[in-house]
Amino acid sequence: MAFRAYRLPTCGLPWDAAGLEAGSGIASSWVVIAILFFACCRQTRADPVFYPGEEIAAQDLVESMSDKDPGTSWFERWRRMTAETKERQTNWMTPLVTTTSRLEQRIRYDVYDETKGNGNKAYNFGAGKGVSLIVTPTDEFTFSLPNYFYEPASPSSTGWEGEVLQWRHRIMASPENQKNYVFSVQLAALAPTGDIPSVENHWVWTPMLLFGKGWGNFNFIVNLGSQWADGDSSKLSAPIVWNAAFEYRIGRITPCLELNSEPTVTRFLAYGGPGLFVTPELLIGRFTLKEDIRYYFGIGYQIALEHSTIEEKYANALIAKFHLLF
């Protein structure tokens, strides 16, 4: 997820006091759900395959991998654990905007070349992406690399954006040769460490449900969550944040089509609120550098589908990303 909502313009959004109360209540509910998910799932060492008849196959997989020498150093044991964890899930490519439900170990860097409704340009270097590490058999932690936003026509909108911290917990998974799905929960936080004059610095929290399912070379990924802040909620919060991506793998090329939306408090429908985009893209790779070190990249063109989106966000954006997997 690219944390686009905290870059909303300084003008007020079309919601009222009642809408804010509703949004606050929805956001609080999502937070409670996320906390319960994390609390209940932390006791599990590794996620089993939750389909009758699949447990034996999954157990055979783990046992066969555990027969190998895990090594004696902490680093060797950690690398062995991450390899086993990745083997117990799908191998889909990660879309440009939609958040994958898989656990990943990577360095990722994104660049957005945005065109505003008035023709002005803006550039987002980093887009809240960074380093992801698998820290337990079912958990991933991510911290963003320095993220710089540059808008030549607006010096007050130029500067360093806040640090993004993210925790993902995989609840259920099955490899592509079995049931071919992954279900996870995630909590992301934008820290108030930015220095852009026109953007208020607050903690912004985004709990999300992440699910993906595949059939052969085709798969889809959906995100559903909520976004809220500890201040300036009229500009930084949204009761519903959703994304959907549809991929079809053809060798090392994966065409993908995404829908990305961040509706306002008073508009709960999928279509109608500022922030609705369609993103056609190509994901290319993965290419091997050395042993288990691989890389791939993606390029896409994000297009706003409504006039309100063009006014409050941007008309279109060329997006490019690079993944280094290890």
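Here are four short exercises with worked solutions on a predicted model.

**Exercise 1. The length of a helix**

Work out what span helix 3 should have, and compare that with its end C-alpha atoms.

*Solution.* Start with the extent of the element: helix 3 covers residues 74-87, which is 14 residues. The expected span is 1.5 Å times one less than the number of residues, so helix 3 should span 20 Å. Now turn to the model, where the end C-alpha atoms of helix 3 are 20 Å apart, in agreement with the expected value. To finish, look at burial along this helix: its buried residues are Trp 78, Arg 79, Arg 80, Met 81, Thr 82, Glu 84 and Thr 85.

**Exercise 2. Following strand 12 to its partners**

Find which strands pair with strand 12, and in what sense they run.

*Solution.* Take strand 11 (residues 238-248) to begin with: 6 bridges join it to strand 12 (residues 253-261), and the two run antiparallel. Across this pairing, Glu 247 stands opposite Cys 256 of strand 12. The hairpin of strands 11 and 12 has 4 residues between the strands, and there Gly 251 takes a positive phi near 65°. Next comes strand 13 (residues 277-290), which pairs with strand 12 over 8 bridges, again in the antiparallel sense. Here Glu 258 has Thr 279 in strand 13 as its bridge partner.

**Exercise 3. Classifying two aromatic pairs**

Decide whether the pairs Phe 141 with Trp 167 and Trp 215 with Phe 218 are stacked or tilted.

*Solution.* The structure holds 16 aromatic pairs. For Phe 141 and Trp 167, the ring centres are 6.0 Å apart and the planes lie at 50°. Planes under 30 degrees apart count as stacked and those over 60 as edge-to-face, so this pair is tilted. The pair links distant parts of the chain, with Phe 141 in strand 4 and Trp 167 in strand 7, 26 residues apart. Both rings are partly exposed, Phe 141 at 27% relative accessibility and Trp 167 at 30%.

Trp 215 and Phe 218 have centres 6.4 Å apart with 15° between the planes, and this pair is stacked. Trp 215 counts as exposed because its relative accessibility is 51%, while Phe 218, at 29%, is partly exposed. Both belong to one aromatic cluster with Phe 183, Phe 211 and Phe 220.

**Exercise 4. A nonpolar surface patch**

Identify the strand that gives the most to the nonpolar patch.

*Solution.* List the members: Ile 253, Leu 282, Ile 299, Tyr 301, Ile 303 and Leu 318 make a patch of about 480 Å². Strand 14 (residues 293-304) gives the most, with 3 residues. Tyr 301 lies in this strand and is partly exposed, with a relative accessible area of 37%.

Notes:
Residues are numbered from 1 along each chain as its sequence is written. This is a predicted model: local features need pLDDT of at least 70, side-chain atom pairs count only at pLDDT 80 or more; totals for chains, interfaces and linings use all residues. Side-chain values use heavy atoms; hydrogens and water are left out. Patches are made of residues with over 30% relative accessible area and no salt bridge: like charges are joined within 9 Å, nonpolar side chains (Val, Leu, Ile, Met, Phe, Trp, Tyr) within 5 Å. Accessible areas come from the Shrake-Rupley method with a 1.4 Å probe; for residues, only the protein chains shown count as cover. A salt bridge is a side-chain nitrogen of Lys or Arg within 4 Å of a carboxyl oxygen of Asp or Glu. Buried means under 20% relative accessible area, exposed over 50%, partly exposed in between (1.4 Å probe, protein chains only). Two strands pair if DSSP finds at least two bridges between them. Rings of Phe, Tyr and Trp (its six-membered ring) pair if their centres lie within 6.5 Å; planes under 30 degrees apart count as stacked, over 60 as edge-to-face and the rest as tilted.
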